[in-house]
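Student: I've got a model to go through and could use some company. Shall we take it piece by piece?

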Amino acid sequence: MSLIVCSPSTQNFLEGKKFIVNNPPTKDILKLQGKYNNVVAVGGGAVVDTAKILSSNPITCYPTTAAGATATSHSVYWDKDNKLNFNSYIPKEVIFKSKFIESLPKNTLQYTKYDAISHCLDVLWSKDIDKLDKTEVEDTLEQLTAPKIKPIDIIKLGHKAGSFIQQVPTTILHALSYPITGKYGITHGKALGFLIPPLCRIFKQNINIKKLNRFVDVDVNFIISKAQTYNKFFNTSKSINLDILKKELNYEKNQLLN
């Protein structure tokens, strides 16, 4: 029988022994790495990442967000406020079920769309973009930002965007997002929703997205300093002027605080 790794909101979708994930995995999950042979994940990025760590084999996924973990061989876990990676297998099968996302809250859908969009932007801004079909990435980004996109299509495109970061790792958006999540407990997708507009201004990237209504009073100096501890911060095709970055992040923050 399969182990069903799920969240509280997806635990009734499939029958079987359950492992319920309430939060993104921490280093404690490594105590259980590879313990199960047959694992099925039903949920978002934290669920899929946990399932990949628990399994000794490639897993089956029923994604309910656009996190893209269904297309990568690594899992994210946390040691206090430090983001770390665990290398495993790319899932062997990904199944999309519209009924599994019918109750997905609108803000959760919006935040996970930010994540998929940021995967496209990060690889477009990467030094290594030539490893991908740039036109395919741009087409995926255009579809994700279409005004009347269906929820299930956001999930499918998130999987596709995940396949991009399997080949070309994320860059500055994700490097900046980790300190926001680690220090302030802000979800990954929401942190990216804050970061996308100012970084698009810096990279002169035309994009049409629904912006956040408000945000918390984050310490921009801390975020930029901590982000530079991740190598991906520096893996962009354009050199980043830190003063301009600080100015743009503070501008965005003040717009959302007022």
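Tutor: Happy to. Keep in mind that this is a predicted model. Let's start with a pairing: strand E1 (residues 3–6) and E3 line up in the parallel sense, over four bridges.

Student: Okay, which residue in E3 does Leu-3 stand opposite?

Tutor: E1 covers residues 3–6, and its partner is E3. E3 itself covers residues 39–43. The residue in E3 that stands opposite Leu-3 is Val-39.

Student: And on the E4 side, what is the bridge partner of Val-42?

Tutor: E3 and strand E4 (residues 60–63) run parallel and are joined by four bridges. Along that pairing, Val-40 sits opposite Thr-60. For Val-42, the bridge partner in E4 is Tyr-62.

Student: Where do these strands fit in the sheet, and which strands are its edges?

Tutor: The sheet is open, with five strands paired in parallel and ordered E2-E1-E3-E4-E7. An edge strand pairs on one side only, and that applies to strand E2 (17–20) and strand E7 (93–94). So the edges, going by that pairing rule, are E2 and E7.

Student: How many residues of E3 are buried?

Tutor: Buried here means under 20% relative accessible area. E3 is mostly covered, and the buried count is five of its five residues.

Student: What about H1: which strands does it touch, and what angle does its direction make with that of E3?

Tutor: Helix H1 (residues 45–54) belongs to a right-handed β-α-β unit with E3 and E4. H1 packs on the sheet, where it touches E1, E2, E3 and E4. The angle between its direction and that of E3 is about 170°.

Student: Moving to the helices, is H2 parallel or oblique to H6?

Tutor: Helix H2 (residues 106–124) and helix H6 (residues 188–202) have axes 8 Å apart and pack at about 45°. Angles under 35 degrees would count as roughly parallel, and 65 to 115 as roughly perpendicular. An angle of about 45° therefore makes H2, relative to H6, oblique.

Student: Which residues make that contact, and what is the handedness of the crossing?

Tutor: H2 contributes residues including Tyr-111, Tyr-114 and Leu-121, while those from H6 include His-188, Leu-192 and Cys-200. As for the handedness, the crossing of H2 and H6 is left-handed.

Student: Last one: is Val-220 buried or exposed?

Tutor: Val-220 lies in helix H7 (residues 220–227). Leaving out residues up to four places away in sequence, Val-220 touches Lys-246, Leu-249 and Asn-250. Its relative accessibility is 3%, so Val-220 counts as buried.

Key
Residues are numbered from 1 along each chain as its sequence is written. This is a predicted model: local features need pLDDT of at least 70, side-chain atom pairs count only at pLDDT 80 or more; totals for chains, interfaces and linings use all residues. Side-chain values use heavy atoms; hydrogens and water are left out. Buried means under 20% relative accessible area, exposed over 50%, partly exposed in between (1.4 Å probe, protein chains only). Helices (H or I, at least four residues) and strands (E, at least two) are DSSP runs, numbered from the N terminus. Two strands pair if DSSP finds at least two bridges between them. A crossover is right-handed if, with the strands pointing away from the viewer, the path from the first strand over the helix to the second runs clockwise. Axes are lines fitted to C-alpha atoms, for helices over the stretch in contact, and angles run from 0 to 180 degrees between N-to-C directions. Angles under 35 degrees count as roughly parallel, over 145 as roughly antiparallel, 65 to 115 as roughly perpendicular and the rest as oblique. A crossing is left-handed if the near helix is turned anticlockwise from the far one by less than a right angle, and right-handed if clockwise. Contact means heavy atoms within 4.5 Å.
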